[in-house]
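I am opening a notebook on a structure that is new to me. The entries below follow the order in which I looked things up.

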Amino acid sequence: AFFRITGKKTVRLLASIACILAAIGFVVGGVAILLSLAWWTPVILGSAVFSSGIFLLFWDKEWHKLVDKGLIGILINMATLVVVLLFQWPDFDF
């Protein structure tokens with residue numbers, strides 16, 4: 001409902017910038033895994049939480065076409081959180 005205050009263009013710009021930042025976080029976490037750096041976990045988890053927050057924050061509270069509004073992304077983020085936090089997978093030796 002931010003668009004009522006700032007307008008749709010501004011909201012779309014803010015959402016786009018936030019999604020780009022979340023994507024950069026996932027890429028940095030992936031590179032950390034490839035380089036065997038131990039700090040990949042908080043980066044990936046933070047990116048998943050931030051990404052889900054973006055979709056929830058900018059959701060228009062309409063239930064139709066929910067898949068087009070980020071539901072799949074939130075489900076993937078939840079799966080990432082469950083796999084990393086609960087199952088502690090993958091278990092790298094670094």
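Before counting anything by helix, I noted that helices here are DSSP runs of at least four residues, numbered from the N terminus. I also kept in mind that this is a predicted model, and that every value I write down is computed from it.

**Entry 1: the whole chain.** I looked up the secondary structure and found four helices and zero strands in the protein chain, which gives the pattern α-α-α-α when read along the sequence. For the overall dimensions, I noted that the C-alpha atoms fill a box of roughly 50 × 25 × 15 Å, taken along the principal axes. Buried residues make up 21% of the 94 residues, and the accessible surface comes to about 6800 Å², of which 73% belongs to carbon and sulfur atoms. I then turned to the contacts between residues at least 6 apart in sequence, and among these 58% join residues at least 24 apart.

**Entry 2: the nonpolar surface.** I looked for nonpolar side chains on the outside and found a surface patch of about 750 Å², made by Leu13, Ile17, Ile20, Leu21, Ile24, Val28, Trp39 and Phe50. Helix H2, which covers residues 8–34, gives the most to this patch, with six residues. I picked out isoleucine 17, one of the patch residues, which lies in helix H2. Isoleucine 17 counts as partly exposed because its relative accessible area is 42%, and the partly exposed class lies between the 20% and 50% limits.

**Entry 3: the nonpolar core.** Turning inward, I found that the largest nonpolar core has five residues, namely Ala32, Trp40, Ile44, Leu45 and Val84. Helix H3 gives the most to this core, with three residues.

**Entry 4: serine 51 and asparagine 77.** Which residue's side chain is joined to that of serine 51 by a polar contact? I found that it is asparagine 77, at a distance of 3.1 Å. Serine 51 is placed in helix H3, residues 40–57, whereas asparagine 77 is in helix H4. Serine 51 counts as buried because its relative accessibility is 9%, and asparagine 77 counts as buried too, because its value is 3%. Leaving out residues up to four places away in sequence, I listed Ala22, Phe26 and Asn77 as the residues that serine 51 touches. With that exclusion kept, asparagine 77 touches Phe26, Ala48, Ser51 and Ser52, and I noted that Phe26 appears in both lists.

**Entry 5: leucine 81.** I next looked up leucine 81, which has its place in helix H4, residues 71–86. Apart from its neighbours within four places in sequence, leucine 81 is in contact with Leu45, Ala48, Val49 and Leu86; of these, Leu45 is also one of the core residues from my third entry. I then checked leucine 81 against threonine 41, and the two are 40 residues apart in sequence and 10.0 Å apart in space, C-alpha to C-alpha.

**Entry 6: valine 67.** Is valine 67 buried or exposed? Valine 67 is exposed, because its relative accessible area is 52%, and the limit for that class is over 50%. Its place is in the loop between H3 and H4. As a last check, I compared valine 67 with phenylalanine 92, which is 25 residues away along the chain, and found their C-alpha atoms separated by 33 Å.

How values were computed
Residues are numbered from 1 along each chain as its sequence is written. This is a predicted model: local features need pLDDT of at least 70, side-chain atom pairs count only at pLDDT 80 or more; totals for chains, interfaces and linings use all residues. Side-chain values use heavy atoms; hydrogens and water are left out. Helices (H or I, at least four residues) and strands (E, at least two) are DSSP runs, numbered from the N terminus. Buried means under 20% relative accessible area, exposed over 50%, partly exposed in between (1.4 Å probe, protein chains only). A polar contact is a pair of N or O atoms within 3.5 Å; within protein, one must be able to donate a hydrogen and the other to accept it, and residues adjacent in sequence count only if both atoms are side-chain atoms. Contact means heavy atoms within 4.5 Å. A nonpolar core is a set of buried Ala, Val, Leu, Ile, Met, Phe, Trp, Tyr and Cys residues joined through side-chain atoms within 4.5 Å. Patches are made of residues with over 30% relative accessible area and no salt bridge: like charges are joined within 9 Å, nonpolar side chains (Val, Leu, Ile, Met, Phe, Trp, Tyr) within 5 Å. Accessible areas come from the Shrake-Rupley method with a 1.4 Å probe; for residues, only the protein chains shown count as cover. A salt bridge is a side-chain nitrogen of Lys or Arg within 4 Å of a carboxyl oxygen of Asp or Glu.
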